Amino acid sequence: MTALVPPAVGRIDRRTRTLVLLGVSAAVVLGVLVAGSWAQDAAQTTSLGERNSAPSAGHWFGTDWLGRDVLARVLSGLRMSLVVGTTAAAISAVVALVLACAATVGGPKVDAVVGWLVDLFMALPHLVLLLMLAFALGGGTDAVIVAVAVTHWPHLTRVLRGQAKQVVNSDYATVAVQLGRSRWWVAREHVAGHLAGHFLVGLILLFPHAILHEAALSFLGLGVDPAEPSTGILLAESMRFLSAGAWWLAVLPGLCLLLLVKVVDGIGENLRSLLNPRSHHL
Amino acid sequence: MLTAGSAARPVVAAVVARTARLVLLLTAVAVASFVLMVNSPVDPVAAYVGADVASLGPAQRALIAQRWGLDDPAHERFLSWFGNLLGGDFGFSLTFNRPVLEVIGDKFLASLALMALAWLLSGVLGFGLGLVAGVRRGWFADRAITWLSYALASAPTFWVGLLLLYVFAVSLNWAPVCCAVPIGVPADEVGLGDRLAHLALPAITLSVVGIAPVVLHTRQAVVDALASDHVAFARAQGERGVGLVLHRVVRNAAAPALLLQFGSLGELFGGSVLAEQVFSYPGLGAATTTAALGQDVPLLLGIALFTTVLVFAGNLVGDRVHALLDPRSRLVDLRGTR
């Protein structure tokens, strides 16, 4: 059965469009990082004369209850999200890769243990696990990074393990084993190449989850230090002023977080369709 | 193939296997969370005493520690805690000043109304939208629905809640701003209408979280079903329009949606933690936050075990319903459990 391919829009082919989108998204992420570190001072500068003012030409996103510029706070909050997200997603992805490789190379016993570990981590609601970890680690930014990092690998481990198994059970891998190659050789020469793409895409697609969970933890009060302008903290602060009509405190930071997540997600999806053109229908 | 005569034994074996799995899982969760809690930097005595901790002398502190067995080796403490669990004693919640099981039972009842409403809402709405998107694939309706689902999938739950709160409770004044019942009204005088009014916004918030996966998977299942041979055959026989979708597609598309809905109880609970925080709804989700912030270890451990059972039960029911709807998935059972 052949899927209907929508006709190409304009004269640009899909590959070029994907590449352009990737470039733009990467530029946006970099821009947020730079603007975020640039805005860090402004995010803490209070000016009590203009408290809770609505968005205007001087303050595009308005000001909060201490007269701090919300745009600056949002930018440095997003930078914080990106830093936490990158670190946590990278650690998670590496854990997933190591476990998936161990399950493939180590034989059925290791495989069973890995499968059981995945089940164990998926047995609890993710947020409850995060809350317990953040609590056990005593809160703070480091605790959030660790908590987010050690809870996001199960899904990717499953994907990578499934992929690795497919390769190991394929004819050419079987032939290699029968020719006397070791498991390690098969893993290195045949499996690694197949996993590289999935690993990269999986790593980037972990980002949004990590960012959103960091924001959720901070929102609940168990995340980053309340003095740091994280998006979760901004939204938690906004709750006190929402009934007074300060909509810009809640709407704009959340919208920016949503857009950032979409952009990072887009990078992952576009990379996936570049690396594996058949998967873009998913 | 599974025949009627031999059906009884595999079922018993499956039930035993599942129960053993649950017990093993609960034990593992208990051990893991206990280890986490024991190694946490939080001082249980300070957490218990609260603000008066400064006036606590070292002798008194030692007395409390000895009374609670804080100086015993970790495995002894675990065994005594675990023994109590088996006897149905989950300990005493310090923040709520009541036994943990009572707190969980009470709060879960409040959460259950919220979660059930949100679960139904996201299931029905998600399935409907997914059906429309799949049938109208490539058209405007499909694009709009798919785009909306992707947007919702990336939206923070609590932000959606804040938006709804601002629009419907603050600006339009259609819904109350907080809590499960009106403030200052005795519990027995609160009518059903009041309760529903307080439930509406949190439930919508919570359902928004779960809707995207249902829509997208249903859409894909509908697309697959419409491209299948049996639909082509039905078309060749002259079936068209709504009848074709209702008779040939809905059952195929319902299987993944139901599996997903039952499998997402954990996500649903996670969402309820956030939604209840936004709307100050006094359910189990809010209790989880309170327990973590108030360093209430017994309650946190109790909630961890309770939600494990919840997620497990959801997956189990989901598997059974899936097997009922899709006979192909039953064949897997015969090859033995994983």
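In this predicted model, 40 residues of chain B are in contact with 38 residues of chain A. Five helices of chain B each supply at least two residues to the side that touches chain A. They are listed below.

| Helix of chain B | Residues |
|---|---|
| α1 | 8-38 |
| α7 | 157-171 |
| α11 | 265-278 |
| α12 | 284-293 |
| α13 | 297-325 |

What is the make-up of the side of chain B that touches chain A, by nonpolar, polar and charged residues? It divides into 28 nonpolar and 12 polar residues, with no charged ones.

**The nonpolar core**

The largest nonpolar core has 160 residues. Which residues have the most contacts inside it? They are A:Ala134, B:Leu162 and B:Leu300. Helix α9 of chain A, residues 183-220, gives the most to this core. Its share is 19 residues.

B:Leu300 touches residues of both chains. In chain A, its partners are A:Met132 and A:Phe135. In chain B, they are B:Ala291 and B:Ala292. Residues up to four places away in sequence are left out of this list. B:Leu300 falls within the span of α13(B), residues 297-325. B:Ala291 and B:Ala292 fall within α12(B), residues 284-293.

**Chain A**

Chain A has 11 helices and 0 strands. Read along the sequence, its pattern is α-α-α-α-α-α-α-α-α-α-α. The C-alpha atoms of chain A fill a box of roughly 80 × 55 × 30 Å along the principal axes. Chain A has 282 residues, and 47% of them count as buried. Now take the contacts in chain A between residues at least 6 apart in sequence. Of these, 68% join residues at least 24 apart.

**A helix pair in chain B**

Two packed helices are described by the angle between their axes and the distance between the axes. In chain B, helix α9 spans residues 229-236 and helix α10 spans residues 241-263. Their axes come within 10 Å. They cross at roughly 150°. Angles over 145 degrees count as roughly antiparallel, so α9(B) and α10(B) are roughly antiparallel to each other. The crossing of α9(B) past α10(B) is right-handed.

Which residues make this contact? From α9(B) come B:His230, B:Val231, B:Ala234 and B:Arg235. From α10(B) come B:Leu244, B:Arg248 and B:Val249. By class, the contact has 4 nonpolar, 1 polar and 2 charged residues. The side of chain B that touches chain A, by contrast, has no charged residues.

Note on methods: Residues numbered from 1 in each chain as written. Chains lettered and ligands numbered in written order. Predicted model: local features only at pLDDT ≥ 70, side-chain atom pairs only at ≥ 80, totals over all residues. Core = buried A, V, L, I, M, F, W, Y, C linked by C-beta atoms within 7 Å. Buried ≥ 20, exposed ≤ 12 C-beta atoms within 10 Å, placed from the backbone. Helix = DSSP H or I, 4+ residues; strand = E, 2+ residues; numbered from the N terminus. Contact = placed C-beta atoms within 7 Å. Nonpolar A, V, L, I, M, F, W, Y, C, P; charged D, E, K, R; others polar. Axes fitted to C-alpha atoms, helices over the stretch in contact; angles between N-to-C directions. Parallel < 35°, antiparallel > 145°, perpendicular 65-115°, else oblique. Left-handed = near helix turned anticlockwise from the far one by under 90°.
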